[in-house]
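Q: Please take a close look at the surface patches of this protein. A connected account of their members and their setting would be welcome.

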Amino acid sequence: MAQPETNIDRIRERIAASRDDLTYGIETLISTVHPTALKNRAIDEGKEFTSEKADEAKSAFIDENGPRWDRIGTVALAAAGVIVLAISVRGLGRVIRGK
């Protein structure tokens, strides 16, 4: 008589363990594919990507010795050249339309 009770107890334990495993698996699946979880992961990945690119851009102009004035000056001169070119083209356009 003790044998059937032991088997029933074992079956109940296995059912409970299977239920716990299934519950954990479903909760894990839901947390993985839930729209809010997907959105949060995408936001985190975007923040990480932006941070990495900002650090890369910063390292182009600042190194362990401080600012790299040669690169900063090159960019400043290029920006000034673009501004002068834009003003010149605008002025030339006004002169041509005026005639």
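A: The account below turns to the surface patches and then to the overall form. The model is predicted: local features require pLDDT of at least 70, side-chain atom pairs count only at pLDDT 80 or more, and totals for chains, interfaces and linings use all residues. Residues are numbered from 1 along each chain as its sequence is written, and side-chain values use heavy atoms, with hydrogens and water left out.

A patch consists of residues with over 30% relative accessible area and no salt bridge, like charges being joined within 9 Å and nonpolar side chains (Val, Leu, Ile, Met, Phe, Trp, Tyr) within 5 Å. A salt bridge places a side-chain nitrogen of Lys or Arg within 4 Å of a carboxyl oxygen of Asp or Glu. Accessible areas follow the Shrake-Rupley method with a 1.4 Å probe; for residues, only the protein chains shown count as cover.

The negative patch on the surface brings together Asp 44, Glu 45, Glu 48, Glu 52 and Asp 55. Asp and Glu count as negative, Lys and Arg as positive, while His and the chain ends are not counted; the place of a charge is NZ of Lys, CZ of Arg, CG of Asp or CD of Glu. Asp 55 lies in helix 2 (residues 35-61), helices being DSSP runs of H or I with at least four residues and strands runs of E with at least two, numbered from the N terminus. Because its relative accessibility is 48%, Asp 55 counts as partly exposed, a class between buried (under 20%) and exposed (over 50%), with a 1.4 Å probe and protein chains only.

A nonpolar surface patch comprises Leu 22, Ile 26 and Ile 30, with about 280 Å² of accessible area together. Ile 30 belongs to helix 1 (residues 2-33) and is partly exposed, at 46% relative accessible area.

As for the setting, 2% of the 99 residues count as buried.
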